[in-house]
Amino acid sequence: MAKGAGKVTAKYRVNRFWSIILALVVIYAIVKWLIPAVSRWMTDLPFPLTVPGELIKIYMILAVVAMFLLVTFSQRNFDEFMYPVRKFLRAEYGWIPRAVVLTLISLLIGYIAYDAALPTKETPISLRIQHPSSNFPKKFEDLKNPMTDPPEAEVQAFIEQARENDVALIEQVAIDVERWLEENPDGHMLSFLPTAPVKKFLAELEGGEVSMAVAKAALVEKNLFEGRALYAMNCRACHGDSVSGDGPMADGFKLRPINFTDNGTIETIVEGYTFWRVMNGGPGLPVEATPWDSAMPEWKLSLTEEERWKIIAAEYDLAEKTPRIPEGH
Amino acid sequence: MRFGAFKGTASKPRKRARLPVAIALLLSLAVGWSVPAMAADTPSGPIPEATPEFLEQGREVYVKRCSFCHGLLGDGEGPAAEFLDPRPRDFTLGVFKFRTTDSGELPTNEDMFRTVSNGLPGTGMQAFDDGRIKNGLSEDERWAVIAYIKTFVPEFDDPEFDPYKKIISLPANRPASSEALIAKGREVFEHAKCWECHGKQGRGDGQKAFDRKDDWGFPIRIRNVTFPWKIKGGSQAEDIYMRFSTGINGTPMPSFVKALGEDERWALANFIESLQHQLTEHQVLKALKVDGELPEAADDPLWATAEAMDVRLAGQVIAAPRWQNPSIDLVTLRAIYNEQEITFLAVWDDPFKDVTHVAENELDPNELRVVGGYNTYVNPYDVAVRQLENFRDSVALQFPAKPPKGTAKPHFFRGSSSEPTNLWIWRADREAAGETAVEEATARGWKQEAKAQPEDQQQVSGQAVWGQGRWSVVMKRPLTTEDKADVQFIEGSFIPLAVNVWDGSNGEHGMMMSLSTWHFVTLEAPMSWTVYLYGVIAMLVAGALSLLFIWLAKRERKPQDEDDDEAEAEA
């Protein structure tokens, strides 16, 4: 080797070896921590989406292959890379570091082999399909929630009831509303519900001219109020106040209650599907969705159809999601 | 492309200087993002002015998010309230539990903000901080709803009750937790007699009377302070310090501001924090193999050598009658086996030992099994008779009756008619009466009661002990039996396992229980010696290769430029 070339090598020799090592460390850090962190920032989920261990292995193998190509790309590269390695092997940095490092590497390799051979005691994996459709009856596909889109006759009846100041409420909320009305006897009974659509409806009612669209929006608000009450009574314990699958009971279930605020849960399915799931619960699931792990009750045994639809409407509303539109619409 | 770009960068010395900066930047971003979002339970500013618009905004939030428990009138009488224990707060009395103000005083705005943001763990009150819960409430919405809640309490307008004049702050000097500090805290715990209510081990078992009531007339449940997930006011030493400095209004929990100095209280807080249980995370219980006799008693020291597995439980809410106020939410399991038998130890905290059972007080499950009834949950205040000497304590281990095919299992709640489960039910009243305490039963779904196996197929024996607010129950059976409805324990296989627990004085019996989903138990086959062999071989090969490389490096020094072989080896 010429003297000049040797000088250049000497100038950068440490960098070549350590930059390769550093590059591998950085790639590992990106895959292990940066991607999950960015995913969390992008998806807004309360937990990061970690890269699976097998995938990390593949990325690292690719990185090592790339580094190998880089090193063997030219003789100079290779020499630069090997320079400190050779010096190390010849004990030019001292024989103690050489003995220590090589012993540690041997021990590490021995441990890895031992660890790989060790019989693992991990839970047998059972893959689970979250939205199974193998036994989803076609007739549910096109169902529309009558609580968020009430038929005209019902809106008419609602207007009549509101004119009489006697709107029908389900028993579960009626008791509390009556107590409120005793304390707040002035004004319309619906003023217990201080949302914009109800306020607009009450203003029109006072003026005498009520439009169907406004009345319908107010009726939906009433249904949502009832749905929220039913949700609080029946579903809250597991799915939580904020429909985040974090109710007071959630930690007791290995298969956690569904978080409806997650993208990819209730917004990716049609309403009829939700209705079917609420109706048949865990026992109604096909095998691919591991029915034996699901604590979801068969609500058809406890709730009426109307109650189930009201709860579903409230869930979508609380989660600030809209259901998928059935195909062919 | 990527490779080329990298190469370009690496070969230009000037650009290389930027590399460390870039790495530092990337790493700092990675660290910044991987830290969980800080819980925003401290507001960025004071509460906004309570204009009519702001109060109306607060009322809308309240009606949508709070009224179903706390009631439209704020008196804790919403439609869901009567099914919850602890009962949702009645704001109109102006008694607030979790504060940073003197005992008996109102809370500060920030105290209320903290409660709304963090919730009260172990109760129906959940966190509403939108930094933690995606569709929780924004800071502005939380302030609005707090402003509205304050309208239920006229005292907030009275300058005489200004909570800001009665603030209790954390001690300026808060040494970090240490053994000495914890030991000092233990002494304070002793002489301040905390154990009179909370029990010597902090399990809430010291209470003298069962039927004490709080200011609202509801039963008092003394907290088990060893469960951090159930400590309402927060589980950090700072939170604990506040609880016994401010007292808990409306309950017998007093303030110790006058009785104890700041440093004593800080030590006590650290002692209480040190009692907190650390949950195990695994889902597979490894049964320990022994050569000799299996332990008979629950306090046998041999149990300590077996690995423990914590099993979290939930109330039985799958079918009516539903139960959302279980008092037991953790059972710790251990298992030991020898050539013939296997024995399980189940340990759980229960402040009262209930060993009587009055069958005629049992709830008729069909009463709540109606479509479209008012509710299918059990009301803990009048439907369930919650008193001593009424219902027994009990525990059941559940296994599939048939060996699982693939990953398929019976449903974790009692299986079904085609997929039955095998139950080992231990009952405290039987144990106390000196009868066979464990019954083997077959369950075929929750719709029918589990059926006891015939007398001659009852092979599980049991032994139990209760002390310091804790049950320890041992159940033993031969590894294999002739009975087709029994689980069979075979080395190396994963056997699904679930737990049911009943706390009698909490009104629990029948379907009112705590239950777990499926976990696994496995009988560890003795480890093969080849496992060590592989490790040793790998180590020797690595060592030999190292020597080879050294030899090659040395040899190469003399005749230059012969490195292709090493390149291969190095890769």
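In this predicted model, the two domains of chain A sit well separated, with their C-alpha centres 57 Å apart. Domain 1 of chain A covers residues 3-110, and domain 2 covers 138-319. In secondary structure, chain A comes to 11 helices and 0 strands, so reading from the N terminus gives α-α-α-α-α-α-α-α-α-α-α. The radius of gyration of chain A is 32 Å, well over the 20 Å that the globule rule gives for 329 residues, so the chain is more spread out than a compact globule. Along the principal axes, the C-alpha atoms of chain A fill a box of roughly 105 × 45 × 45 Å. Of the 329 residues in chain A, 35% are buried. As for contacts inside chain A, taking pairs at least 6 apart in sequence, 61% join residues at least 24 apart.

Chain A also meets chain B: 91 residues of chain A are in contact with 84 residues of chain B. On the chain A side, helices H1 (3-43), H2 (53-72), H3 (75-89), H4 (95-117), H6 (171-183), H8 (212-234), H9 (236-239) and H11 (305-319) each supply at least two residues. H1(A) gives the most to this side, with 13 residues. Sorted by class, the side of chain A that touches chain B has 55 nonpolar, 17 polar and 19 charged residues.

Just after H11 of chain A comes a backbone oddity. Glu320(A), in the segment after H11, has a phi near 55°, a positive value in a residue other than glycine. Glu320(A) counts as exposed because it has 12 other C-beta atoms within 10 Å, and 12 or fewer is the cut-off.

Chain B is split into five pieces: domain 1 (2-30), domain 2 (52-166), domain 3 (179-274), domain 4 (284-523) and domain 5 (530-570). Between domain 2 of chain B and domain 5 of chain B, the C-alpha centres lie 70 Å apart.

Chain B has some backbone quirks of its own. The peptide bond from Asp85(B) to Pro86(B) is cis, with omega near 5°, and Pro86(B) lies in the loop between helix H4 (52-70) and helix H5 (109-118) of chain B. Another cis bond runs from Ala320(B) to Pro321(B), with omega near -5°. Here the proline, Pro321(B), is in the loop between strand E3 (314-315) and strand E4 (330-337) of chain B. Gln468(B), which is not a glycine, has a positive phi of about 50°. Gln468(B) belongs to the loop between strand E10 (461-467) and E11 of chain B. With 13 other C-beta atoms within 10 Å, Gln468(B) is partly exposed.

On the far side of strand E11, the loop that joins E11 (470-478) to strand E12 (494-502) of chain B holds Val487(B). Val487(B) has 26 other C-beta atoms within 10 Å, and since 20 or more makes a residue buried, that is how Val487(B) is classed. Leaving out residues up to four places away in sequence, Val487(B) touches Phe399(B), Pro400(B), Ala401(B), Asn422(B) and Ile495(B). Ser528(B) is 41 residues away from Val487(B) along the chain, and the C-alpha atoms of the two are separated by 27 Å.

Methods. Residues numbered from 1 in each chain as written. Chains lettered and ligands numbered in written order. Predicted model: local features only at pLDDT ≥ 70, side-chain atom pairs only at ≥ 80, totals over all residues. Domains from an automatic or database assignment. Contact = placed C-beta atoms within 7 Å. Helix = DSSP H or I, 4+ residues; strand = E, 2+ residues; numbered from the N terminus. Nonpolar A, V, L, I, M, F, W, Y, C, P; charged D, E, K, R; others polar. Rg over C-alpha atoms; globule rule 2.2 N^0.38 Å.
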